[in-house]
Amino acid sequence: MLTVEEALDAILKAVKTLPCVRVPLLEARGLVLAEDIFADIDSPPFDNSAVDGFAVLASDTTGASARSPVVLRELETVSAGDVPTVAVTEGACARVMTGAPMPAGADAMVMREDTRETDGGLAILEPARPGDHIRYRGEGVRAGTRVLSAGTRIGAAEIGMLAMMGSAVPLCVRRPRVAVLSTGDELVDAGLTPGPGQIRDSNSYTLAALVAEAGADIHSVQHVRDDMAATESTLRACAGLDGSLPADAIITSGGVSVGDRDFVKPALESIGSLDLWRVKMKPGKPVAFGRIPRQYSFRGGETLFFGLPGNPVSTMVTFELFVRPALWKMAGRRDLIKPRIPVKLTSGVEHRPGRQEFVRATAVLDAGIWHATPTGAQGSGILGSMIGANALIDISAECGDLAAGSEAAAVIMGIHEPNAINAIKGDGSE
């Protein structure tokens with residue numbers, strides 16, 4: 001059996017970044033930019049006022065105060081979107097709104113609250129210095145400067161920069177399309193009452209939510225009964241071998257072990273190849289990864305296959321450790337691996353040596369130290385152990401029981417943005 005690290009390495013080596021597409025700007029949020037973006041204009045494109053106030057010659061305001069104001073004559077009002085028509089000269093000023101162009105001749109702005117209107121003109125109550133409250137042309141970005149690099153993940157600030165630079169349809173790595181399949185004759189949909197021997201299908205909903213959280217698109221969500229022909233047919237359809245739109249990845253839950261009714265693995269092998277099966281870990285030992293080639297389809301390429309265990313916790317843990325990094329690489333992301341932090345256990349953890357184990361826990365920062373508390377019973381079928389868990393305590397295969405107060409490493413879950421990851425690692429500024 002492979003170790004967790006060996007399995008992840010093998011999976012990521014097999015994963016390729018998806019093709020690039022141009023998308024409308026607001027649809028680019030969360031995608032990875034596939035081209036460098038250069039400024040086509042200066043930003044701001046002209047000298048403008050940073051405040052509502054009055055454009056002046058700073059030298060005219062020397063010594064101004066509430067007791068001894070400097071009185072200037074007002075020439076015109078310049079609103080945002082207007083163009084000044086006269087230059088500011090000695091003894092004069094112009095009323096200028098925030099964002100409006102600076103009139104020629106003026107070298108400072110006086111805020112409106114530092115003035116008072118009088119019958120003789122505008123009284124300046126505070127002296128100004130050259131450059132006060134002026135945003136100069138190009139001080140943000142100079143034309144020709146690279147403002148965003150290929151490989152950048154697009155968030156709100158990047159959307160704004162793309163808009164500022166006129167990139168209304170940026171080239172991005174497209175989102176992965178993922179098909180989710182749950183297997184098992186015992187499963188009924190969430191809206192039904194289970195009969196004898198039946199349980200509600202939670203895995204398909206859990207996996208669909210995890211796929212969406214990872215930034216991928218849902219190709220389809222289906223349930224497949226325990227039948228070889230039905231399983232193979234569904235896999236073929238999801239891979240686009242029937243001529244339909246293929247999924248880039250198929251994720252199944254259940255049916256990858258060695259039971260008499262486990263048909264997912266043989267069905268996959270009948271139309272594709274299995275790269276790895278079974279990992280030396282707990283929970284999640286019977287995880288599988290393979291590929292379905294589409295060489296006989298006009299679309300070409302291949303569909304990746306992730307066969308996850310059927311127990312709900314095993315499904316979620318193996319998704320976090322193997323599937324999410326793969327989907328992120330397909331989407332062009334570079335930050336593939338969740339951070340690990342040192343934690344101190346608040347209670348003892350039993351562990352039998354032999355397999356690397358991931359214990360669900362809640363990690364809390366207290367006085368600069370992360371304290372991890374297991375979320376109760378850790379059985380692979382106890383979905384409640386994932387509720388509130390934000391960390392997986394990583395216990396090596398060689399390790400035995402851990403006492404309260406022991407130090408361990410933990411994989412952080414539920415953190416998807418780079419700035420949040422940095423903050424939880426202690427690298428952020430807040």
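This report walks through one sheet, two helices and the open and closed spaces of a predicted model.

## A sheet of six strands

Let's start with the sheet. Six strands make it up, in the order β17-β14-β18-β22-β21-β19, and the sheet is open with mixed pairing. At its edges lie β17, residues 217-224, and β19, residues 273-277, each of which pairs on one side only. On average, neighbouring strands here are turned by 20 degrees against each other, with direction ignored.

A little background may help before we look at single pairs. Strands of a sheet pair through backbone hydrogen bonds, and they do so either parallel or antiparallel. The edge strand β19 pairs with β21, residues 288-293, in the antiparallel sense, and four bridges join the two. Within this pair, S273 has R291 of β21 as its bridge partner.

## Strand β18 and its partners

Next comes β18, which covers residues 249-253. How much of β18 is buried? Five of its five residues are buried, so the strand is largely enclosed by the rest of the structure. To reach that verdict, a residue must have under 20% relative accessible area. The residues of β18 point two ways: A249, I251 and S253 go one way, while I250 and T252 go the other, and all are buried.

Which strands does β18 pair with in the parallel sense? With β14, the parallel pairing has five bridges, and L181 has T252 of β18 as its bridge partner. With β22, the pairing is also parallel and has five bridges. There, I250 stands opposite F305 of β22.

## Two helices across the strands

Helix α4, residues 228-238, lies across β14, β17, β18, β21 and β22. Its direction is at about 170 degrees to that of β17, one of the two edge strands.

Helix α5, residues 264-271, lies across β14, β18, β19, β21 and β22. Here the angle is given against β19, and α5 runs at about 140 degrees to that strand.

## The largest pocket

Now for the spaces. The largest pocket holds about 580 Å³. Its lining has 40 residues, and those nearest the centre are P309, G310, N311, S314 and S380. Which elements give two or more residues to this lining? They are β14, β16 (199-200), β20 (281-282), α6 (312-330) and β24 (356-366). Strand β14 therefore turns up both here and in the six-stranded sheet.

What kinds of residue line the pocket? By class, there are nine nonpolar, 18 polar and 13 charged residues.

## Two closed cavities

How many cavities of 30 Å³ or more does the structure hold? There are two. The largest cavity has about 40 Å³ of space. Its lining is formed by T183, R225, D226, D227, T231, G255, R261, F263 and V264. Among these, T183 belongs to β14 and T231 to α4, while V264 belongs to α5. Sorted by class, the lining has two nonpolar, three polar and four charged residues.

The second largest cavity has a volume of about 30 Å³. Lining it are D52, G53, F54, R95, V96, M97 and R112. At least two of these residues come from β5 (53-56), and at least two from β7 (92-96). The classes here are three nonpolar, one polar and three charged.

Key:
Residues numbered from 1 in each chain as written. Predicted model: local features only at pLDDT ≥ 70, side-chain atom pairs only at ≥ 80, totals over all residues. Heavy atoms only, no water. Pairing = 2+ DSSP bridges. Axes fitted to C-alpha atoms, helices over the stretch in contact; angles between N-to-C directions. Contact = heavy atoms within 4.5 Å. 1 Å grid on protein atoms, 1.4 Å probe; cavity = no way out; pocket = protein on both sides within 12 Å on 5 of 7 lines; lining within 4 Å. Points joined across faces, edges and corners; volume = space filled by probe spheres on them. Nonpolar A, V, L, I, M, F, W, Y, C, P; charged D, E, K, R; others polar. Buried < 20%, exposed > 50% of the residue type's maximum accessible area, 1.4 Å probe, protein only.
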